[in-house]
Amino acid sequence: MGSGAQRQTPVLPAADEKMGSGVQRQTPVLPAADEKTGSGAQRQTAVLPTLAAPAVATEWISETAERPVLEAERKSSWMARLKAGLSKTSSNLSLLFIGAKIDEDLYEELEAALLMSDAGMDATQFLLDGLRRKVKDERLLDAAAVKGALKVLMTDMLRPLEKPLELGRHEPLVMMIAGVNGAGKTTTIGKLAKHMQKYQQSVLLAAGDTFRAAAREQLMVWGQRNNVTVIAQESGDPAAVAFDAVQSGKAKKMDVVMVDTAGRLPTQLHLMEELKKIKRVIGMGMDGAPHELVLVIDGNTGQNALAQVKAFDDALQLTGLVITKLDGTAKGGVLAAIARTRPVPVYFIGIGEKIEDLQPFKADEFVEALLG
Ligand SMILES: Nc1nc2c(ncn2[C@@H]2O[C@H](COP(=O)(O)OP(=O)(O)OP(=O)(O)O)[C@@H](O)[C@H]2O)c(=O)[nH]1
Ligand SMILES: [Mg+2]
């Protein structure tokens, strides 16, 4: 987006959020992959933009040429795939309620199912206590009503994690992306860059993963193909690459600068120090930057995800999370654990490798997929 007079400030909204219905909104949101924000009044909701098939297949992001998909169709396909991804937990939970009597056995089985979903002790106890209270207060007598009450409790618990990623607050908005090895950082950056471009956001990427030459190449090839500038250095210091990218982003009046980083475990203290240094040096390049510190988590990591959130948050003061790979064997309960113990907003969840497989997190959709 240029520095024209009518600069909008998008955020990444929920998949079903309506935009630009005639009223100028103050902070428009950057919607899910397939939504078009008109620059004011007109909004096309029906058509998923066709993405060109890539000339080169890369290992970390795949795009396929697709026929246009109706919004409703897209939504139901997203829900179906989210449900499929979380089916392990959802079938455990749903089975409990079929023809069940509301007795201690039910609570015990529910406790076991929640613990198995990676929700952790604290969230599990919180949900059980809330459910017992609700059953009593509302005099719930049948299993379906109890399941409905659990849905409400879970949605309330997860809703504080729901927060759109707001764009346009800074020029450029500087985002630093961190996470353990293979969590999906680079893939997520690629998907986000494509989302943002659709909303006239100019994006610059910094190949801050200087650890592996292949990682740099990966980002550069992708950048070339998608017309996104990538700042990279042959060798060296990721903090210097990040600094250069911020300088360049300012000079070129880019809307967004995203800094990729090499994967690392929170127990690798020297590597955590390196992340802090990258953050500090970005701040030297631009006051107040990085504005977003996003941790990418593999949804299959179970309870360890919580340890990752705590460690990265302590080191970097996270502003948001992206939870990927909820399409595999993920159990999903870890979001409840995060909500109870370290409620860092979940900007996006990922259920696959295509662009539209990354969508804003919505508590009600998630609970519907788990307990629908
Ligand atoms: N099934 C599935 N695979 C995903 C998802 N997101 C990323 N991946 C895959 O996970 C693998 C690792 O992704 P990367 O983006 O390279 O992960 P990274 O965090 O950048 O990895 P390092 O830079 O090596 O630490 C790739 O094969 C991705 O295609 C997702 O939501 N679902
Ligand atoms: Mg990477």
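Helices (H or I, at least four residues) and strands (E, at least two) are DSSP runs, numbered from the N terminus. The model on screen is predicted.

**Stop 1: Asp118 and Arg139**

Select Asp118, in the loop between helix H3 (104–116) and helix H4 (120–137). The phi of Asp118 is near 80°, a positive value in a residue other than glycine. Is Asp118 buried or exposed? It has 25 C-beta neighbours inside 10 Å, so Asp118 counts as buried.

Next, select Arg139, in the loop between H4 and helix H5 (143–158). Arg139 is not a glycine either, yet its phi is positive, at about 50°. Arg139 has 8 other C-beta atoms within 10 Å and is therefore exposed.

**Stop 2: the sheet**

Show the strands as a cartoon. An open sheet is formed by 8 strands, with mixed pairing, in the order S5-S4-S6-S3-S7-S8-S9-S10. At the edges are strand S5 (229–231) and strand S10 (358–360), each of which pairs on one side only. From one strand to the next the twist averages 25°.

Now add helix H9 (residues 269–285), which packs on the sheet and touches S3, strand S4 (203–208) and strand S6 (256–261). The direction of H9 makes about 175° with that of S3.

**Stop 3: strand S7**

Select residues 292–298, strand S7. How many of the 7 residues of S7 are buried? The count is 7 of the 7, so S7 is largely enclosed by the rest of the structure. Colour the two faces separately: Glu292, Val294, Val296 and Asp298 lie on one side, Leu293, Leu295 and Ile297 on the other, and all are buried.

Strand S3 (residues 173–178) runs parallel to S7 and is joined to it by 4 bridges. To see this pairing residue by residue, pick Met176, whose bridge partner in S7 is Leu293, and then Ile177, whose partner in S7 is Val294.

S7 is also joined to strand S8 (residues 320–324) by 5 bridges, and these two strands run parallel. Here Leu295 stands opposite Leu321 in S8. Follow the chain from S7 through helix H10 (residues 304–316) to S8: this β-α-β crossover is right-handed.

**Stop 4: Leu321 and the core**

Stay on Leu321. Which residues does Leu321 touch, leaving aside those up to four places away in sequence? They are Val294, Leu295, Ile297, Val309, Val344, Pro345, Val346 and Tyr347.

Leu321 also belongs to the largest nonpolar core, which has 96 residues. Leu321 is among the residues with the most contacts inside this core, together with Leu158, Leu205, Ala242, Val257, Met258 and Val259.

**Stop 5: helices H10 and H11**

Return to H10 and add helix H11 (residues 334–341): the two axes come within 9 Å and cross at roughly 35°. This crossing of H10 and H11 is right-handed. To view the contact, show Ala305, Leu306 and Val309 in H10, which meet Val334, Ala337, Ile338 and Thr341 in H11.

**Stop 6: cis peptide bonds**

Finish with two prolines. Pro172 lies in the loop between strand S2 (165–166) and S3, and the peptide bond from Glu171 to Pro172 is cis, with omega near -5°. Pro290 is in the loop between H9 and S7. The peptide bond from Ala289 to Pro290 is cis, with omega near -5°.

Definitions and conventions
Residues numbered from 1 in each chain as written. Chains lettered and ligands numbered in written order. Predicted model: local features only at pLDDT ≥ 70, side-chain atom pairs only at ≥ 80, totals over all residues. Core = buried A, V, L, I, M, F, W, Y, C linked by C-beta atoms within 7 Å. Buried ≥ 20, exposed ≤ 12 C-beta atoms within 10 Å, placed from the backbone. Contact = placed C-beta atoms within 7 Å. Pairing = 2+ DSSP bridges. Right-handed = clockwise from strand over helix to strand, strands pointing away. Axes fitted to C-alpha atoms, helices over the stretch in contact; angles between N-to-C directions. Left-handed = near helix turned anticlockwise from the far one by under 90°.
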